[in-house]
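Student: I would like a close look at one part of this protein. Please take me through a pocket and what lines it.

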Amino acid sequence: MGDGRVTLYRSGMAGILIIEDDVHVRGAVARALAGRGHDVITEATGMAGLEASIASDVDVVILDLGLPDVDGAEVLKMIRAVREIPIIVATARDDEREVVKLLDSGADDYVIKPFSAELLEARIRAVLRRGDRTDDPVQYAAGGLTVDLNSREAVLDAQLLDLTRREFDLLAYLIERAGNVVSKRELLANIWRQPYGGADKTVDVHLSWLRRKLGESAKEPRYLHTVRGVGIKLTAPES
Ligand code: CA
């Protein structure tokens with residue numbers, strides 16, 4: 001997933017969403033970053049920014065804290081609830097306690113206003129680098145199941161599985177977090193890039209297809225265990 005994003009970053013460019021109500025600041029920052037070759041989109045309110053952060057495929061969000069409709073700290077939490085994306089907070093509040101609070105609520109970094117385009121770009125590079133570590137493991141295994149993120153191949157008991165793109169993404173996401181319960185909301189946000197509607201069956205449908213390919217069912221799970229009311233957990237079968 002997100003192949004395009006990695007390519008963008010590796011070529012030195014990033015997709016950047018700026019959420020800022022001040023028309024002058026917004027224009028100046030957007031022009032400066034666009035002038036450096038980045039793809040920039042801007043929004044002037046918290047709600048529009050939240051929607052854009054979900055709907056678009058940007059690599060990083062620059063979030064102003066003083067927004068007219070919703071407090072930036074709330075927008076931060078809302079974006080965090082649906083997407084794992086680097087968020088750099090722009091604040092006029094030069095207050096260490098405030099900054100610590102923001103980092104604790106999920107901001108990846110911050111800049112104090114007024115800031116230069118050079119500083120902001122350096123921060124953007126830093127947060128993207130953190131998310132793009134080349135020493136990250138690319139192969140995961142649980143029991144007889146192996147998933148290779150680079151070749152996008154999944155092997156079960158020495159048999160190559162024939163998975164669709166979504167099935168592979170789903171399996172990869174779960175095996176990366178093996179042993180931990182992952183909510184359907186999180187799966188929908190990270191794999192389908194969609195907010196969770198209560199009646200949504202997308203995840204269930206794909207899970208049942210994936211189960212069939214793994215030779216199991218919800219009633220007789222081996223790898224994919226439903227934790228009722230919470231989500232799904234991948235574990236190796238007890239042998
Ligand atoms: Ca503002």
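Tutor: Here is the second largest pocket, followed by some backbone details. This is a predicted model, where local features need pLDDT of at least 70, side-chain atom pairs count only at pLDDT 80 or more, and totals for chains, interfaces and linings use all residues. Residues are numbered from 1 along each chain as its sequence is written, and side-chain values use heavy atoms, without hydrogens and water.

A pocket is an open set of points on a 1 Å grid over the protein atoms alone, where a 1.4 Å probe fits, with protein on both sides within 12 Å along at least five of seven lines. Lining residues have an atom within 4 Å of a point. The second largest pocket holds about 200 Å³ of space, a volume filled by probe spheres set on points joined across faces, edges and corners. Its lining includes S183, K184, Y196, R211 and G231. Helix 8 (184-191) and strand 11 (224-227) each give at least two lining residues. Both are DSSP runs, numbered from the N terminus: helices are H or I, at least four residues, and strands are E, at least two. By class, the lining has 4 nonpolar, 4 polar and 4 charged residues. Ala, Val, Leu, Ile, Met, Phe, Trp, Tyr, Cys and Pro count as nonpolar, Asp, Glu, Lys and Arg as charged, and the others, Gly among them, as polar.

Now the backbone. Most residues other than glycine have a negative phi, and most peptide bonds are trans. The bond from K113 to P114 is cis, with omega near -5°. P114 sits in the loop between strand 5 (109-112) and helix 6 (117-130). R152 is not a glycine, yet has a positive phi of about 55°.
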